[in-house]
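Subject: Structure for your files

Hello,

Here is the structure we discussed, with the sequence alongside. My notes on what was found follow below it.

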Amino acid sequence: MKDGLWLEDVSFKYGDLWVLRETELHVPPGRTLIVTGDNGVGKSTLLYVCAGLLNASGGHVWLDGHLAAAKKPSELMRQGVRRGFLFGQGGLLSNLSALANVTLALRYHADLFGMDDEDLNLRAREALAQLRVGQNDFHALPAHLSLGVRKRVALARALALNPNFVFLDDPDGGLDSATRHLVYERLERFRDDSSITVMVATNSRQLIDRLGIQPMELAHGYLLPEDPNRRSMRA
Amino acid sequence: MRSTLPYDPRSAVFRGTSWVERLGRRTLATLSETGALFGTLKDALASDLSPGAAAKRLVHGIMLTQVMFTGVQALSLVSAIGLLIGASIIIQTNMMMPADGELIGRVLVAVVLRELAPLITAIVVAGRSGTAIATELGNMKVNSEVLALSSLGIDPLRYVVLPRMVGCVVSVVALMIYFSIVSLSAAFAIGILASGASLSSFQQGVAGSVMPHDLALFFAKGLGLGTIVGWLSCHFGLQVKSSPTEVPQQASRAVVMSLLGCVVYNTALTAGFYWLVGPPLPGP
């Protein structure tokens, strides 16, 4: 059984540009992987491939023994793979309020989770409260929310699913100090939760230091332990 | 010496692109695009069979919203167009055959019910809702909303494409019926006023021309045209990759292809249908 996140000989390229070349990787359940790399090197793409949102050009990605690039995303959910994904700009559905964004997946899979309307509303409100999203923002559309609130709502959406995989793309990018620390607190809890496999793409030194995990660096299609000299240059 | 050409004619790239190669590449690209186009339709229809009663309920709610946007909100526009088209047909027909209510009724059946109601309704829906759907889906792609749906275990074809397609089909069929009623009523009213023909002669002309198989053709056109508009609008909207500048391009492509598809389908169905069942109008 391929528990956690497995990359088996995985390659990905855009046209002639290699993002990932024949990569083997295993992130065991409950562990956190941080990926750094220069801008445009493909960190976000790597996250998409690992989460099964993009199909690899070659090789296989496994999430808890299930192929990540399932034809239908709901199949993975039914197999018990619950993914929380924080996109760089939040990735909230623009025609739904903050609360409706958080309840959407719960409502879609209500029969799977065994929840009625009341249960899923309660869980969504709890998740939003944990991320300190104000009640006034619950019914606002994403366009009317600041980037910081949008990211917190997106994190709440991931949290509400009770995920066993969390993928975070530049989680503290563009945030003010207070929101950043709130996000860090939440990420520390993800890191310490033995049931959640976490993958973070970032160049934030503060975040890497806070999580205290040796990052891997993505460069020229290869994922290698980060070179401390390059790290100081980037810092 | 530095070449002034934007390419180097001696380069391997230039030498490699013979017309055969270009033709081959274009053929492969067309085949791939056609495959993707029909893949969207097949997968969207098949997604309704996926398990999940809660998902089904949620998607049905979105279908109703889509019918509201595409059908109900288009009523006033379709009323105006139906009225004016009915009026213009009756003016033309009345000039050729004054006071022949029965013949005018038969012409109205042939022109309005069999051809214009399906086609004009589909054109209105493509122009009004097709653009909106393609633009909405394109923006969803740009804002990573479609990827976000996948990450939440929500099938984008089931949540995004299927309800919009079904909404378009239901709306086109309903608007066609509505268009026919408005258009025929306007034609009757103006015909009686302008030519002095009796209402009963109009009714006789219409009733004598409508055949049972017209109903089959009417609904076959409605279902097909609604599917074409919903399907192509969704497909081209989802073809947007990551740049906002692609959104208007794909929206325009969606409408153009929908209109072309509707005209081709309408003509092919009319020709094929009457080739199979024989001419619709009995001799006078």
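The lining of the second largest pocket divides into 12 nonpolar, seven polar and four charged residues. This is a predicted model, and the pocket has a computed volume of about 450 Å³. It is lined by 23 residues, and those nearest its centre are Asn95(A), Ile62(B), Phe69(B), Glu136(B) and Arg164(B). Helix α3(B) gives the most to this lining, with seven residues. At least two residues each come from α3 (98-108) of chain A and from α3, α5 and α7 of chain B.

Two of those chain B helices also meet each other. The axes of α3(B) (residues 53-70) and α5(B) (residues 101-142) come within 10 Å and cross at roughly 135°. That angle makes α3(B) oblique to α5(B). On the α3(B) side the contact is made by Gln66(B), Phe69(B) and Thr70(B), and on the α5(B) side by Val125(B), Arg128(B), Ser129(B) and Ile133(B). Three of the contact residues are nonpolar, three are polar and one is charged. Phe69(B) therefore turns up twice, in this contact and among the residues nearest the centre of the second largest pocket.

The largest pocket holds about 1,400 Å³ of space. It is lined by 35 residues, and the closest to its centre are Leu53(A), Lys141(B), Val146(B), Leu147(B) and Ser150(B). Chain A supplies two or more lining residues from α2 (73-78), and chain B does so from α2 (19-47), α5, α6 (145-151), α7 (156-195) and α9 (212-238). The largest share, six residues, comes from α2(B). By type, the lining of the largest pocket has 18 nonpolar, 10 polar and seven charged residues.Chain A also has two open sheets to look at. One has six strands in the order β6-β7-β8-β3-β9-β10, with mixed pairing. Its edges are β6 (83-86) and β10 of chain A, each with a single partner strand, so one side of each has no neighbour in the sheet. From one strand to the next the twist averages 20°.

Within this sheet, β3(A) (residues 32-36) and β8(A) (residues 197-201) run parallel and are joined by four bridges. Val35(A) stands opposite Ala201(A) in β8(A). Helix α1(A) lies across β3, β6, β7 (165-169), β8, β9 and β10 of chain A, at about 165° to β7(A). Helix α6(A) (residues 147-160) packs on the sheet as well, touching β6 and β7 of chain A, and its direction makes about 170° with that of β6(A).

At one end of the strand order, β9(A) (residues 216-219) and β10(A) (residues 222-225) pair in the antiparallel sense over four bridges. Glu217(A) stands opposite Leu224(A) in β10(A). The two strands form a hairpin with two residues between them, and His220(A) in the turn has a positive phi of about 55°.

The other sheet has four strands in the order β2-β1-β4-β5 of chain A, paired antiparallel. The edge strands are β2 (17-27) and β5 (66-67) of chain A, each pairing on one side only. Strand β4(A) (residues 58-63) is joined to β5(A) by two bridges, and Leu63(A) stands opposite His66(A) in β5(A). Helix α1(A) (residues 43-51) packs on this sheet, touching β1 (5-14), β2 and β4 of chain A, and its direction makes about 130° with that of β1(A).

Regards

Technical notes: Residues numbered from 1 in each chain as written. Chains lettered and ligands numbered in written order. Predicted model: local features only at pLDDT ≥ 70, side-chain atom pairs only at ≥ 80, totals over all residues. Heavy atoms only, no water. Axes fitted to C-alpha atoms, helices over the stretch in contact; angles between N-to-C directions. Parallel < 35°, antiparallel > 145°, perpendicular 65-115°, else oblique. Contact = heavy atoms within 4.5 Å. Nonpolar A, V, L, I, M, F, W, Y, C, P; charged D, E, K, R; others polar. Pairing = 2+ DSSP bridges. 1 Å grid on protein atoms, 1.4 Å probe; cavity = no way out; pocket = protein on both sides within 12 Å on 5 of 7 lines; lining within 4 Å. Points joined across faces, edges and corners; volume = space filled by probe spheres on them.
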